[in-house]
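Hello,

I am passing on the structure we talked about, so that you can open it alongside this note. Please have a look and then read on.

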Amino acid sequence: EATRRLDGWDPGTAAALALGPGEMKAAYGRLPPEGRRALALGAKRIGDFHRRERDAEVPAKRDAAGATLAQVVRPLARVGLYVPGGTARYPSSVLMTAIPARVAGVAEIYVCSPGVRGTGEMDDWTLAACHVSGVTRLFRVGGAQAVAAMAFGTDTLPAVDKICGPGNAYVAAAKRIVFGRVDIDMIAGPSEILVAADGDADPAEVAADLIAQAEHDVRAVAVLVTNSAKLALAAAAEVGRQLSDLPRREIAGASLGARGAIVVAKDLGEVIRLADEFAPEHLALHARNAGRLVPRISRAGAVFVGSSTPEAVGDYVAGPSHVLPTAGTARFASPLSVATFRRRMSVLDLSPRALAAVAPAVEALARAEGLEGHWRA
C-alpha cells in the first residue's frame, strides 16, 4: 500500500516486491563484459580487504583463582541493507555493505531499494551487485516504510537484527526511530568531503574531488581548506570550468553554492587542525608528501592520501567500505566493517575453588548494594 501511494506503482501483491537469486544472476548476465569485470574487481578487492580484519576476541585464559574467562565473537543471523535509489543508482553500496556482512558470516542478507518511480523497475546493475555479493533477496521498497519493514517484519520480509546503509532524510529519521528494536550502523547524513591542500596541489584535481561529492545531492557538503590564497582562487575557477559540462551540474552547482566553502588558513598546521576539528566523512590530502600528514589526523571517516588517490576510487573498488560516519560523527564513529555485523559474547567458567576465592568480595559488594538475593545466589 505504501509503495502504491508513495512510489506511484502497483506491485499487485507483496510477493511481487521481492526479487531472488535467479533474477540477480540473470541481471548479471545481461551486463556488458566490462560491467561484469568492474563488479567482480570491486567485489574481490572489498572482500580481500575486509577478510584482513581482526576481531577483538579475548582468548580464554584460566587465572590464578581457577576461573576461565573469555569473550567470543558471533555473526548476526539476519541483516537488512538499505540501498538508495532516488536521484541515482548505487550498486556500489550493495558491494560495500553486503560483502562485509557476508565475510562476517551473516546467513541472511536482505536488501531494500526503491524501484523506478511509476514502474517499480529495478536496474540490472543493482541486481547484478546483489548477485556477486551473495544477497539473499532484494525488495523493491524504499523510504521510511522499507526501514519499518526490516525492523518489524512483514509476511514477506523477515524482521532483521540490524539495519545498515545510507539513505535520504526520511530513511535516516526512520533508522533513528527503530533503533532499540533493532541495531543500526549509524545515522547517515548527506555526503561530505574536506580537501586539505597546500600550494603545491593541482587546482584541477582539487576541484574534481569537490565536485565528485557535490554531484551526489544538493545537500552534500564540499569544503576546501588551504594555506594558499593562490590555490583557493585557482580551484574556484576550476570548479566553474568543470561544472560547465557535468551531466549533474544542476545538483552539484546547488550543493556547492549553498553548502560548499573555501577556507584560507594561515599555515598548513592550521589546515590540519581545522580538518581534524571538522571530522569529515572523506578527507582528501592534496599536499607535498601527503602521507606524512596522516599521523596528525585522528578524526575522519576515510583519508585519501595524495593526488593518485581520488575519493572516487574509495567509492567503488579500493577495498574499505564507503559507508562512513558523516556530520562530524567521525569524532566517535567508525566506518562500516566486518565488526558491524558481529557481536561479542562473554563466557565465564569458574571452578568451585575459584568461586570460593571470590565469594567474600561478592558478598561485600552485594550487601553494599542492598541486593541480598545476589549473595544468596
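Below is what turned up, topic by topic.

Please keep in mind that this is a predicted model.

Let me start with the core. The largest nonpolar core holds 36 residues, and V79, L81, I109, V135, L138 and F341 have the most contacts inside it. Two or more residues come from each of α2 (21-30), α3 (33-51), β4 (78-82), α4 (91-104), β5 and α5 (124-133). The top contributor is α4, which gives seven residues.

Next, the aromatic rings. A search of the whole structure gave one aromatic pair. Its members are Y110 and F139, in a tilted arrangement with 6.2 Å centre to centre and 50° between the planes. Y110 sits in strand β5 (residues 108-112) and F139 in strand β6 (residues 137-139), so the pair links parts of the chain that are 29 residues apart. Y110 and F139 are both buried.

Strand β13 (residues 302-305) is worth a look too. In a regular strand, side chains alternate between the two faces of the sheet. That pattern can be followed here: A302 and F304 point to one face and are buried, while V303 and V305 point to the other and are not. Strand β12 (residues 282-286) runs parallel to β13 and is joined to it by four bridges. One of the residues involved is H282, whose bridge partner in β13 is A302.

Two backbone angles also caught my eye. Most residues other than glycine have a negative phi. A279, which is not a glycine, has a positive phi of about 50°, and N289, also a residue other than glycine, has a positive phi near 50°. Where do A279 and N289 lie? A279 is in the loop between α11 (268-278) and β12, whereas N289 is in the loop between β12 and β13. Their surroundings can be set side by side: A279 counts as buried because its relative accessibility is 0%, while N289 is exposed, with a relative accessible area of 54%.

Last, a pocket. The second largest pocket encloses about 310 Å³ of space. Its lining has 17 residues, and E1, T3, A14, L17 and V141 are the ones nearest its centre. By class, eight of the lining residues are nonpolar, six polar and three charged. Both α1 (2-7) and α6 (143-152) supply at least two residues of this lining, and the largest share, three residues, comes from α1.

Best wishes

Notes: Residues are numbered from 1 along each chain as its sequence is written. This is a predicted model: local features need pLDDT of at least 70, side-chain atom pairs count only at pLDDT 80 or more; totals for chains, interfaces and linings use all residues. Side-chain values use heavy atoms; hydrogens and water are left out. On a 1 Å grid over the protein atoms alone, a cavity is a set of points where a 1.4 Å probe fits but cannot get out, and a pocket is an open set with protein on both sides within 12 Å along at least five of seven lines; lining residues have an atom within 4 Å of a point. Grid points are joined across faces, edges and corners, and a volume is the space filled by probe spheres set on the points. Ala, Val, Leu, Ile, Met, Phe, Trp, Tyr, Cys and Pro count as nonpolar, Asp, Glu, Lys and Arg as charged, and the others, Gly among them, as polar. Rings of Phe, Tyr and Trp (its six-membered ring) pair if their centres lie within 6.5 Å; planes under 30 degrees apart count as stacked, over 60 as edge-to-face and the rest as tilted. Buried means under 20% relative accessible area, exposed over 50%, partly exposed in between (1.4 Å probe, protein chains only). Two strands pair if DSSP finds at least two bridges between them. A nonpolar core is a set of buried Ala, Val, Leu, Ile, Met, Phe, Trp, Tyr and Cys residues joined through side-chain atoms within 4.5 Å.
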